Amino acid sequence: MRGKPVLLRENSGSVLRPSRGFQKKLLCDGLVLNLGDTCVYNCEFCYVEGMLKGPLGFPRKTLDNFNAVTGATHGFRDVVIRRRNSLELLKNQLLTKNGTPRKEFSQSGDVVFSSSLVDVAANMELAEETARACRLILEHTKLQIRLLSKSNLLTQIVTNKRFRIPDKYRDRVIFGFSTGTLYDGVAKAIETGTAPVSVRIK
């Protein structure tokens with residue numbers, strides 16, 4: 001993706017996890033949804049590598065194994081790490097083995113934030129994955145979802161006829177475009193690969 005090797009992390013266990021940090025930022029009510037571990041983009045101010053070296057260190061094994069096999073010396077910002085069967089993992093978290101919604105998710109109207117690690121709509125493939133994940137959450141829970149992106153493709157999640165979120169859920173999804181600056185030239189230098197700020201604003 002955008003010239004980066006795509007690695008699949010095996011047995012990531014869950015994609016929906018608690019986060020006090022993003023709750024303190026008022027981006028969610030304590031839950032974050034991450035379908036991947038490292039991003040398509042290359043923002044100079046990215047904090048994810050620091051997180052992955054700390055309490056979320058599991059992707060390090062995926063990267064180390066790739067480097068060992070290929071002889072490469074890639075860092076986290078040089079690759080895209082996705083979670084194998086991410087939608088299946090999410091479904092297993094939301095539903096019991098009998099296919100009924102789990103109580104902790106089915107009775108709460110809390111806001112889930114996506115994503116604290118990667119951009120949710122950096123390309124069409126990821127926008128579709130995000131839309132399908134949102135549909136699972138919206139169909140099986142009362143949760144609300146906050147999506148934040150530096151990509152103009154975020155709009156595809158509600159406009160693309162092939163995979164869009166149905167209109168009946170419009171009151172449960174919050175969309176936001178993120179930017180570190182209002183100037184395209186500055187953004188090009190510090191948010192490498194993202195959509196121009198002017199396009200996001202438009």
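How many nonpolar, polar and charged residues does the lining of the largest cavity have? Keep that in mind, everyone, and we'll get there in a moment. One reminder before we start: what you see above is a predicted model.

Let's begin with the cavities. A search of the whole structure turns up two cavities of 30 Å³ or more. The largest cavity has a volume of about 140 Å³. Its lining is made by 18 residues, and nearest the centre lie Gly-36, Val-118, Asp-119, Leu-126 and Glu-129. Two elements, β5 (80-83) and α6, give two or more residues to that lining. And here is the reply to my opening question: ten residues are nonpolar, five are polar and three are charged.

The second largest cavity has a volume of about 90 Å³. Here 14 residues form the lining, with Thr-38, Cys-39, Cys-46, Phe-76 and Arg-77 nearest the centre. Helix α2 supplies the largest share, three residues. By class, this lining has nine nonpolar, two polar and three charged residues.

Now for the pocket. The largest pocket holds about 420 Å³ of space. It is lined by 21 residues, and Phe-45, Tyr-47, Ser-115, Lys-150 and Ser-178 are the closest to its centre. Strands β4 (42-43) and β7 (144-149) are the elements that give two or more residues to this lining. It contains 13 nonpolar, five polar and three charged residues.

Please hold on to Tyr-47, because it also has an aromatic partner, Phe-22, in a tilted pair: 6.3 Å centre to centre, with 45° between the planes. Phe-22 sits in helix α1 (residues 20-24), while Tyr-47 is in the loop between β4 and α2 (48-53), so the pair ties together parts that are 25 residues apart in sequence. Are these two buried or exposed? Phe-22 counts as buried, at 9% relative accessibility, whereas Tyr-47, at 39%, counts as partly exposed. Together with Phe-113, Phe-22 and Tyr-47 form one aromatic cluster.

Last stop, the nonpolar cores. The largest has 29 residues, and Leu-33, Leu-90, Leu-94 and Leu-147 have the most contacts inside it. Its largest share, seven residues, comes from α6. If you'd like one residue to click on, try Leu-94: among the residues it touches are Leu-16, Phe-105, Leu-136 and Ile-137. There is also a second, separate core of 17 residues, including Leu-7, Leu-63, Val-79 and Val-118. You have met Val-118 already, among the residues nearest the centre of the largest cavity.

Thanks for listening!

Key
Residues are numbered from 1 along each chain as its sequence is written. This is a predicted model: local features need pLDDT of at least 70, side-chain atom pairs count only at pLDDT 80 or more; totals for chains, interfaces and linings use all residues. Side-chain values use heavy atoms; hydrogens and water are left out. On a 1 Å grid over the protein atoms alone, a cavity is a set of points where a 1.4 Å probe fits but cannot get out, and a pocket is an open set with protein on both sides within 12 Å along at least five of seven lines; lining residues have an atom within 4 Å of a point. Grid points are joined across faces, edges and corners, and a volume is the space filled by probe spheres set on the points. Helices (H or I, at least four residues) and strands (E, at least two) are DSSP runs, numbered from the N terminus. Ala, Val, Leu, Ile, Met, Phe, Trp, Tyr, Cys and Pro count as nonpolar, Asp, Glu, Lys and Arg as charged, and the others, Gly among them, as polar. A nonpolar core is a set of buried Ala, Val, Leu, Ile, Met, Phe, Trp, Tyr and Cys residues joined through side-chain atoms within 4.5 Å. Buried means under 20% relative accessible area, exposed over 50%, partly exposed in between (1.4 Å probe, protein chains only). Contact means heavy atoms within 4.5 Å. Rings of Phe, Tyr and Trp (its six-membered ring) pair if their centres lie within 6.5 Å; planes under 30 degrees apart count as stacked, over 60 as edge-to-face and the rest as tilted. Lists of a residue's contacts leave out its neighbours within four places in sequence.
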